[in-house]
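Take a walk through this model, one region at a time. Keep the sequence and the 3D view side by side.

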Amino acid sequence: MAKVHFMGIAGSGASAAAAIAKADGFEVTGCDLALDGHNPKHMEGVDILAITPAVTSFDPNNPELEEARKLGIEVLTWQQFSGKYLLNEKFVIAVTGTHGKSTTTAMIAKLLEDANLDPTVLLGATLPEWKANHRAGKSKYFVIEADEAYDSFLNYRPDISVVTNIEMDHPEYFKDLDAVKRSFEKFLLQTKSTVVANISDPNIADVIKVVMKTPNNQLSSDRSTFVQFLDYSKNEINFPLKLPGDFNKLNAAAAFQVGLLLNINPEVIKESLSNLTGVGRRFEKIGNYKGREVYSDFGHHPTEVKTTMEAAREKFPDKYIWLIFQPHMFSRTKALFKEFVEVLKHLPVNQVLIMDIYPSREVDTGSVSSKELVDAVDNNKVDYISDVEELKEILNKEIRPGDIIFFMGAGDIDKIARELLS
């Protein structure tokens, strides 16, 4: 079997793909800038180099990448590798959408496991029951979280596609909302059998209209001329979930619909969904800080901040809630500045502390800052904090018994939270 080297193996998706590749019989090696750095020597004996999509944009002269090209090694993003080698001859259920992908993928994955369908799963977050972000099954079923960023999901040709919602995001790649919608259209045109979608979302409705009008001669060769569209937004979840928030009822409705498509007993579906406790960094309780409950959440888009904090208020109606938010990437903060301001002005929490923008792969050109965001919100319950020391000082001085603390963002905010707890 071929030897594949994953560059950026610590990433949530790449680590899952690497683990599944190993279970499939590939010889797997990997490196990560944050752990051990990159080195051209890593290419010795390698047949395939799997990279993250951002490498070609932000680090095109990477020494490992240059060495791979020089040696004629096949270079693929880890999503291309997954589509070409891991999903081959599988019955693929791909879950996409601007928000809710990880939770909905986890719901479907756990449901298939509980129905003894033994799925392989590639997830963008950790499922506590597995203590992992993947599962290597032996059946034909493969459940995958399909990310729209960088058009990554166009590497998959699913039998069933699930679409939770569509909003403007990833402005470092997509020019505008129309560009995002075009990408989703292409993805749905690659679906072989059924699209399960939240058609109450106007952007999804727009995309489906275009897909339905597309002539048969423009379909991918492995797709039948007829795809059925099932709207799960009308399906009511009338049993209790352990996950808070109306958005999770919608996610569960999508998973329920997929379960019915696969002829799983409705009682098994209900039992599985009602017992799911969630996935890592999605409304995840990570401990106590001086007796106060602390949660960590991956949300980094205005809609995610809004819906998660509404769910927090629903769960803790009478508690004093703190949100420590770290914006993610300058491009996103600038492109969605107005939306962030509007959401932060009306959050149903008591105090918001905004940290500096996490740059990820970007360089700070001075075009936007967290301080500007706080000034634009102009609300005495939203404050800027410059560093972790100031955060500690505020928390030590001002939090009271019974307060709830949320750390939110896609950067190193989770690490900050866990270090604070330890």
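How much space lies in the second largest pocket? About 170 Å³. A pocket here is an open set of points on a 1 Å grid over the protein atoms alone, where a 1.4 Å probe fits, with protein on both sides within 12 Å along at least five of seven lines. The volume is the space filled by probe spheres set on the points, and grid points are joined across faces, edges and corners.

The model is predicted: local features need pLDDT of at least 70, side-chain atom pairs count only at pLDDT 80 or more, and totals for chains, interfaces and linings use all residues. Residues are numbered from 1 along each chain as its sequence is written, and side-chain values use heavy atoms, with hydrogens and water left out.

Stay with the second largest pocket. Its lining has 13 residues, where a lining residue has an atom within 4 Å of a point. Pro53, Thr77, Gln80, Tyr150 and Asn155 lie nearest the centre. Strand E4 (74-77) and helix H4 (78-86) each supply at least two lining residues. E4 gives the most, with three residues. Helices (H or I, at least four residues) and strands (E, at least two) are DSSP runs, numbered from the N terminus.

Next, a sheet. Seven strands form an open sheet in the order E7-E6-E8-E5-E9-E10-E11, with mixed pairing. Strand E7 (132-135) and strand E11 (228-231) each have a single partner strand, so one side of each has no neighbour in the sheet. Neighbouring strands are turned by 20° against each other on average, direction ignored. Helix H7 (residues 202-213) packs on this sheet and touches E9, strand E10 (194-197) and E11. The direction of H7 makes about 165° with that of E11. Axes are lines fitted to C-alpha atoms, for helices over the stretch in contact, and angles run from 0 to 180 degrees between N-to-C directions. Contact means heavy atoms within 4.5 Å.

Inside the sheet, strand E5 (residues 91-96) runs parallel to strand E9 (residues 160-163), and four bridges join them. Two strands pair if DSSP finds at least two bridges between them. Ala94 stands opposite Ser161 in E9.

Two single residues deserve a look. Lys101 lies in helix H5 (residues 101-114). Is Lys101 buried or exposed? Lys101 counts as buried, because its relative accessibility is 9% and the cut-off is under 20% relative accessible area (exposed is over 50%, partly exposed in between; 1.4 Å probe, protein chains only). Beyond its neighbours within four places in sequence, Lys101 is in contact with Val95, Thr96, Glu145, Ala146, Asp147 and Glu148.

Asn235 lies in the loop between E11 and helix H8 (246-261). Asn235 is partly exposed, at a relative accessible area of 31%. Not counting residues up to four places away in sequence, Asn235 touches Ala253 and Gln257. The C-alpha atoms of Asn235 and Thr277 are 21 Å apart, with their positions 42 residues apart along the chain.

Now the other sheet. Six strands form an open sheet in the order E12-E13-E17-E14-E15-E16, again with mixed pairing. Strand E12 (284-289) and strand E16 (382-384) are the edge strands, and each pairs on one side only. The average turn between neighbouring strands of this sheet is 20°, direction ignored.

Where is E14 enclosed? Five of the five residues of E14 are buried, so E14 is largely enclosed by the rest of the structure. In a regular strand the side chains alternate between the two faces of the sheet. In E14, Ile321, Leu323 and Phe325 are buried on one side, and Trp322 and Ile324 on the other. Five bridges join E14 to E17, which run parallel, and the bridge partner of Ile324 in E17 is Phe407. Four bridges join E14 to E15, also parallel. Trp322 stands opposite Gln351 in E15, and Leu323 stands opposite Val352.

E15 is covered on both faces: Gln351 and Leu353 are buried on one side, Val352 and Ile354 on the other. E15 pairs with E16 in the parallel sense over three bridges. There, Leu353 has Asp383 as its bridge partner.

Finish with the helices. Helix H14 (residues 388-398) lies across E12, strand E14 (321-325), strand E15 (351-354), E16 and E17, running at about 180° to E14. Helix H15 (residues 413-421) lies across E12, E13, E14 and E17, at about 35° to E12.
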